[in-house]
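Here's a quick round of questions and answers on a protein model. Have a look at it first, then we'll dig in.

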Amino acid sequence: MRSVFFDPGQMTARLALEAPLETPDGQGGVTVSFTEVASFWARIEPVSELREEQAGADVVTLTHRIWLRFREDIKPGMRLRKGTRVFAIHAWRDPDERGNYLVCLCEEESR
C-alpha cells in the first residue's frame, strides 16, 4: 500500500477523546455520560452537509474527516470534542496501514 503524505503541521485543532460511561438509573436502564480519555492535536476536514426536513423543521447533518496520530484505544461509541462542538465517531481507519495516523469519519452532533 502506498504511503500517505500528511503534513502534521495541519493538526491545529485541540480535541478531547471521550468514552461513554453508563450509570444505572435505578429503574433497569442506564444514564450515559462521557468522560475524557485523552487530549491531542488533530485536523478537522468538513466532508458533507445534508439538509432535510423532519417534522416541519430543517435538520442539517454535517460530516467530517478528522485526522489524528495513531492510537489503538478508539472504540465504538466514543466521540471527539472541541469546546462545545461534539463529533460522534462512526468509523476509523489507518489510511496507509503503517500506524502513523488515524482518519475518523465523524458526524457533528447538534446542540
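Q: How far apart are the closest N and O atoms in the salt bridge of glutamate 18 with arginine 79?
A: This is a predicted model, so take the distance as a computed one. Glutamate 18 lies in strand β1 and arginine 79 in strand β4, so the pair ties together parts that are 61 residues apart in sequence. Across the strands, glutamate 18 stands opposite arginine 79. The closest N and O atoms of their salt bridge are 2.6 Å apart.

Q: Is glutamate 18 buried or exposed?
A: Buried means under 20% relative accessible area. Glutamate 18 comes out at 8%, and its partner arginine 79 has 10%. With that value, glutamate 18 counts as buried.

Q: Which arginine meets glutamate 18 in a salt bridge of 2.9 Å, N to O?
A: Look in strand β4, 63 residues away from glutamate 18 in strand β1. The residue there is partly exposed, at 22% relative accessibility. It also stands opposite valine 86 in β5. The salt-bridge partner is arginine 81.

Q: Which strand pairs with β4 over four bridges?
A: Strand β1 joins β4 through three bridges, and those two run antiparallel. The four-bridge pairing is antiparallel too, and that partner covers residues 85–93. It forms a hairpin with β4, with two residues between them and glycine 83 in the turn at a positive phi of about 65°. The strand is β5.

Q: Which glutamate meets arginine 65 in a salt bridge?
A: Arginine 65 lies in strand β3 and its partner in strand β2, so the pair ties together parts that are 20 residues apart in sequence. Arginine 65 is partly exposed at 28% relative accessibility, while the partner counts as buried at 15%. The N to O distance is 2.8 Å. The partner is glutamate 45.

Q: How many disulfides does the count come to?
A: A disulfide needs two cysteine sulfur atoms within 2.5 Å. The sulfur of cysteine 104 is 5.2 Å from the closest cysteine sulfur, in cysteine 106, which is too far for a bond. Cysteine 104 is buried at 0% relative accessible area, and cysteine 106 is buried at 2%. The count comes to zero.

Q: What accessible area do Val30, Val32 and Phe34 have together?
A: Valine 30 sits in strand β2 and is partly exposed, at 45% relative accessibility. Val30, Val32 and Phe34 form a nonpolar patch on the surface. Together their accessible area is about 230 Å².

Notes. Residues numbered from 1 in each chain as written. Predicted model: local features only at pLDDT ≥ 70, side-chain atom pairs only at ≥ 80, totals over all residues. Heavy atoms only, no water. Pairing = 2+ DSSP bridges. Patch = residues over 30% accessible without salt bridge, like charges linked within 9 Å, V, L, I, M, F, W, Y side chains within 5 Å. Areas by Shrake-Rupley, 256 points an atom, 1.4 Å probe, with all protein chains shown as cover. Salt bridge = Lys/Arg side-chain N within 4 Å of Asp/Glu carboxyl O. Buried < 20%, exposed > 50% of the residue type's maximum accessible area, 1.4 Å probe, protein only.
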